[in-house]
Amino acid sequence: MACHMYGAVVTDGLYPQLADAFPALASEIAELLRADGEPLAEAVADLPYYGPCTCTATCINLLTAPHGSSGSSMIQLERDGMDVI
């Protein structure tokens with residue numbers, strides 16, 4: 001059974017890739033990571049998209065792991081000296 005989730009098709013309980021749900025965002029993240037020399041840039045296209053974070057009503061984060069997963073790392077991405085992601 002297939003359903004639509006934020007513009008991407010979810011089938012058989014599998015989640016869409018971030019690049020399918022938000023192609024421009026995934027491309028920008030990869031571009032900024034490459035500019036910083038981060039090897040993670042090549043993995044962005046394959047990240048699953050688990051939906052928006054629900055920790056608070058105003059949280060703007062997108063989940064690339066199931067809610068409540070342990071261990072997170074953050075990389076602040078900048079363009080022209082300004083934080084963008």
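How do the residues lining the largest pocket divide into nonpolar, polar and charged? The legends below start with the whole chain and reach that pocket in the third view. Please keep in mind while looking that this is a predicted model.

**View 1. The protein chain is built from two helices and six strands.**
Following the chain from the N terminus, you meet the elements in the order β-β-α-α-β-β-β-β. The chain holds 85 residues, and 22% of them are buried. Take the contacts with a separation of 6 or more: 45% of these join residues 24 or more positions apart.

**View 2. Eleven residues make up the largest nonpolar core.**
To find this core, pick out Leu18, Ala21, Ala26, Ile29, Ala30, Leu32, Leu33, Ala41, Val44, Tyr49 and Leu77. Two elements, α1 (18–21) and α2 (23–35), each give two or more residues to it. With five residues, α2 is the element that gives the most. In soluble globular proteins, nonpolar side chains tend to be buried together. Ala41 is a handy residue to centre on: leaving out residues up to four places away in sequence, Ala41 touches Ala30, Leu33 and Arg34.

**View 3. The largest pocket holds about 1,100 Å³ of space.**
Its lining counts 28 residues, and those nearest the centre of the pocket are Asn61, Leu62, Thr64, Ser73 and Met74. Two elements, α2 and β4 (62–63), give two or more residues to the lining. The largest share comes from α2, which supplies three residues. Here is the reply to the opening question: the lining has 18 nonpolar residues, ten polar ones and no charged ones.

**View 4. Leu62, one of the residues nearest the centre of the largest pocket, sits in strand β4.**
Is Leu62 buried, partly exposed or exposed? Leu62 counts as partly exposed because its relative accessibility is 31%. Setting aside neighbours within four places in sequence, Leu62 is in contact with Leu18, Phe22, Leu25, Tyr49, Gly51 and Pro52. Leu18 and Tyr49, among these partners, also appear in the largest nonpolar core. For a backbone reference, the C-alpha atoms of Leu62 and Tyr50 are 7.4 Å apart, with the two residues twelve positions from each other along the chain.

**View 5. Ser27 belongs to helix α2.**
Ser27 has a relative accessibility of 44%, so this residue counts as partly exposed. If you would like a distance to check on screen, try Ser27 and Ala41: their C-alpha atoms are separated by 9.2 Å, and the residues are 14 apart along the chain.

**View 6. Asp36 lies in the loop between α2 and β3 (51–52).**
Asp36 counts as partly exposed because its relative accessible area is 46%. Which residues does Asp36 contact, leaving aside neighbours within four places in sequence? The partners are Gln76 and Leu77. Asp36 and Leu77 are 41 residues apart along the chain, with their C-alpha atoms 8.2 Å from each other. Leu77 is also a member of the largest nonpolar core.

**View 7. Searching the whole structure for disulfides gives zero.**
Cys53 takes part in no disulfide, and the nearest cysteine sulfur to its own, that of Cys55, is 3.6 Å away. Why is Cys59 not bonded to Cys55? The Cys55 sulfur is the closest cysteine sulfur to that of Cys59, but at 3.6 Å it is too far for a bond, because a disulfide needs the two sulfur atoms within 2.5 Å. Cys53 counts as buried because its relative accessibility is 13%. Cys59, at 19% relative accessibility, counts as buried too.

**View 8. Asp80 has a positive phi although it is not a glycine.**
You will find Asp80 in the loop between β5 (78–79) and β6 (82–83). The phi angle of Asp80 is about 55 degrees. Is Asp80 buried or exposed? With a relative accessibility of 76%, Asp80 counts as exposed.

Key
Residues are numbered from 1 along each chain as its sequence is written. This is a predicted model: local features need pLDDT of at least 70, side-chain atom pairs count only at pLDDT 80 or more; totals for chains, interfaces and linings use all residues. Side-chain values use heavy atoms; hydrogens and water are left out. A nonpolar core is a set of buried Ala, Val, Leu, Ile, Met, Phe, Trp, Tyr and Cys residues joined through side-chain atoms within 4.5 Å. Buried means under 20% relative accessible area, exposed over 50%, partly exposed in between (1.4 Å probe, protein chains only). Helices (H or I, at least four residues) and strands (E, at least two) are DSSP runs, numbered from the N terminus. Contact means heavy atoms within 4.5 Å. On a 1 Å grid over the protein atoms alone, a cavity is a set of points where a 1.4 Å probe fits but cannot get out, and a pocket is an open set with protein on both sides within 12 Å along at least five of seven lines; lining residues have an atom within 4 Å of a point. Grid points are joined across faces, edges and corners, and a volume is the space filled by probe spheres set on the points. Ala, Val, Leu, Ile, Met, Phe, Trp, Tyr, Cys and Pro count as nonpolar, Asp, Glu, Lys and Arg as charged, and the others, Gly among them, as polar.
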